[in-house]
Amino acid sequence: MDRRFDKAIEVLKRGKRFLVVSHVGPEGDAIGSLLGLTLALRGLGKDATAYLEDRIPDLFKFLPGARTVVHTLEGLGPFDATFAVDCGQKDRLGRDFVNLKDPGCVVNIDHHATNDCFGDINIVEPGASAAGELVYDFCKAASLEITRDIAVNLYVAIHTDTGSFRYSSATPEAFIKAGELVRLGAEPWDVSRRVYENYPAKRYRLLAMVLSTLDVIEMKGDGRIATLSVTLDMFRKAGAEKDVADGFVNYARGIEGVEVGALFRECGALEYKVSLRSKGGVDVAEVSRTFGGGGHRNAAGFTMKGGLEEIKARVIDAVRGRLTNGQKV
Ligand code: 5GP
Ligand code: MN
């Protein structure tokens with residue numbers, strides 16, 4: 001880890017113009033890590049551009065620096081180096097980044113076990129609860145000042161990716177770093193209030209429609225899989241953007257006896273984004289990898305072409321195979 005940090009610090013020292021990027025469909029860790037690192041670079045007097053292909057969900061717009069994020073790279077560059085955070089595959093960093101001719105040295109800072117090490121320097125630690133933890137480590141290693149604004153971003157990254165410190169990823173290190181970030185100015189209740197007590201009413205209207213699609217499938221005594229689906233028509237009826245459905249998949253996993261929850265989100269003509277959540281007995285990152293996606297053991301996803309029923313059947317089959325392969329704990 002230290003040698004890779006040393007190389008990244010060298011890149012930091014040598015460069016002036018940096019790009020910071022994260023994945024499409026950004027959530028708390030992607031946005032918090034992106035903004036935390038961007039603000040740290042700016043604090044050093046560097047020119048740092050933060051790019052996300054997709055909009056920032058309303059719930060995360062309060063994060064310091066959020067308004068400075070750009071959604072196109074047209075006319076920008078060249079960059080001395082690019083920091084990619086919380087992303088396992090280059091193609092998930094957005095079209096403009098993939099097409100960018102001069103990203104400079106690419107530093108890949110991530111915690112996905114499925115990361116394919118697309119960077120020139122790869123700081124990939126699956127043991128980290130969030131990319132935000134690694135950005136914290138990097139700031140420490142590079143002696144970058146963690147201001148209150150940076151602390152809020154990195155705290156949100158760790159808080160959201162550990163499911164509010166409920167997941168097995170909530171290691172002593174995650175608690176220690178989160179504690180330090182609170183000492184540096186992140187306020188737990190202020191963050192909770194803004195992220196978890198601030199949903200638009202349309203989220204509940206959408207949820208009502210989504211819950212009516214619930215299907216719980218028995219798996220021959222080996223646990224169950226529960227599925228939910230959300231269609232473009234439901235988004236239209238609720239007047240909601242696609243990110244308003246973030247987290248709905250947890251309602252499927254949260255059912256007694258269910259090992260794996262799945263959410264199928266229609267994203268175009270015969271195209272679905274599939275989100276999988278496991279209680280631990282099935283490695284859904286492995287399942288997702290077989291469909292061209294990735295993620296973590298307990299939270300993973302992919303995009304698939306086809307009709308809803310066909311995709312559902314294929315995913316259920318893949319999970320069934322894993323449940324009966326003796327992988328259940
Ligand atoms: P979500 O279901 O919330 O979109 O994503 C859960 C986890 O799976 C995240 O860690 C995310 O990065 C990963 N993931 C989701 N969709 C994809 C995908 O299409 N490809 C890859 N490689 N990972 C994904
Ligand atoms: Mn993450």
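**Exercise 1. The surroundings of ligand 1**

Which residue has a backbone N or O atom 3.3 Å from an oxygen atom of ligand 1? State also which other polar contacts ligand 1 makes with Gly 294 and His 296.

*Solution.* The model is predicted, so local features require pLDDT of at least 70 and side-chain atom pairs pLDDT 80 or more, whereas totals for chains, interfaces and linings use all residues. Residues are numbered from 1 along each chain as written, chains are lettered from A and ligands numbered from 1 in written order, and side-chain values use heavy atoms, without hydrogens or water.

Step 1. The residue sought is Gly 301, whose backbone N or O atom lies 3.3 Å from an oxygen atom of ligand 1. A polar contact here is a pair of N or O atoms within 3.5 Å.

Step 2. Gly 294 also contributes through its backbone: one of its polar backbone atoms is 3.2 Å from a nitrogen atom of ligand 1. His 296, by contrast, uses its side chain, a polar atom of which lies 3.5 Å from an oxygen atom of ligand 1.

Step 3. Taken alone, ligand 1 has 490 Å² of accessible area, and the protein covers 82% of it (Shrake-Rupley method, 1.4 Å probe).

Step 4. Strand S9 (271-278), strand S10 (294-295) and strand S11 (299-305) are the elements that each give two or more residues to the shell around ligand 1. Strands are DSSP runs of E with at least two residues, helices are runs of H or I with at least four, and both are numbered from the N terminus. S11 gives the most to this shell, namely five residues.

Step 5. There are 15 residues around ligand 1, and Gln 89, His 112, Lys 273, Ser 275 and Arg 277 come nearest; a residue qualifies as near if one of its heavy atoms lies within 4 Å. Domain 1 (6-196) and domain 2 (203-324) each supply at least three residues to the shell, the domain bounds being an automatic or database assignment.

**Exercise 2. The manganese site**

Which residues are the protein donors of the manganese ion (ligand 2), and what spacing do the donors follow along the chain?

*Solution.* Step 1. Asp 29 (OD), Asp 86 (OD), His 111 (NE2) and Asp 161 (OD) are the protein donors, at 2.1 to 2.3 Å from the ion. Donors are N, O and S atoms within 2.8 Å of the metal (3.2 Å for Na, K and Ca); water is not among the atoms, so sites may look incomplete.

Step 2. Along the chain, the donors follow the spacing D-x56-D-x24-H-x49-D. Distant parts of the chain are linked here: Asp 29 belongs to helix H2 (residues 28-43), while His 111 lies 82 residues away in the loop between strand S4 (105-110) and strand S5 (121-124).

Step 3. Both Asp 29 and His 111 are buried, which means under 20% relative accessible area, with exposed over 50% and partly exposed in between (1.4 Å probe, protein chains only).

Step 4. The donor Asp 86 occupies the loop between S3 and helix H3 (95-99). Asp 86 is likewise buried, at 2% relative accessible area, and has a positive phi of about 60° although it is not a glycine.

**Exercise 3. Backbone geometry in two loops**

Which two residues does a cis peptide bond join, and is Ser 143 buried or exposed?

*Solution.* Step 1. The cis bond joins Gly 77 and Pro 78, with omega at about 5°. Pro 78 is placed in the loop between strand S2 (47-51) and strand S3 (81-85).

Step 2. Ser 143 is exposed, having a relative accessible area of 66%. Its location is the loop between helix H4 (131-141) and helix H5 (148-161). The phi of Ser 143 is near 55°, a positive value in a residue other than glycine.

**Exercise 4. Sequence separation and spatial separation**

How many Å separate the C-alpha atoms of Val 21 and Val 69, and how many those of Val 210 and Gly 127?

*Solution.* Step 1. Val 21 and Val 69 are 48 residues apart along the chain, and 9.7 Å separates their C-alpha atoms. Val 21 lies in strand S1 (residues 17-21) and is buried, with 0% relative accessible area.

Step 2. For Val 210 and Gly 127, 83 residues apart in sequence, the C-alpha distance is 33 Å. Val 210 sits in helix H8 (residues 201-211) and also counts as buried, at 0% relative accessibility.

Terms used. Polar contact = N/O pair within 3.5 Å; in protein donor to acceptor, adjacent residues only side chain to side chain.
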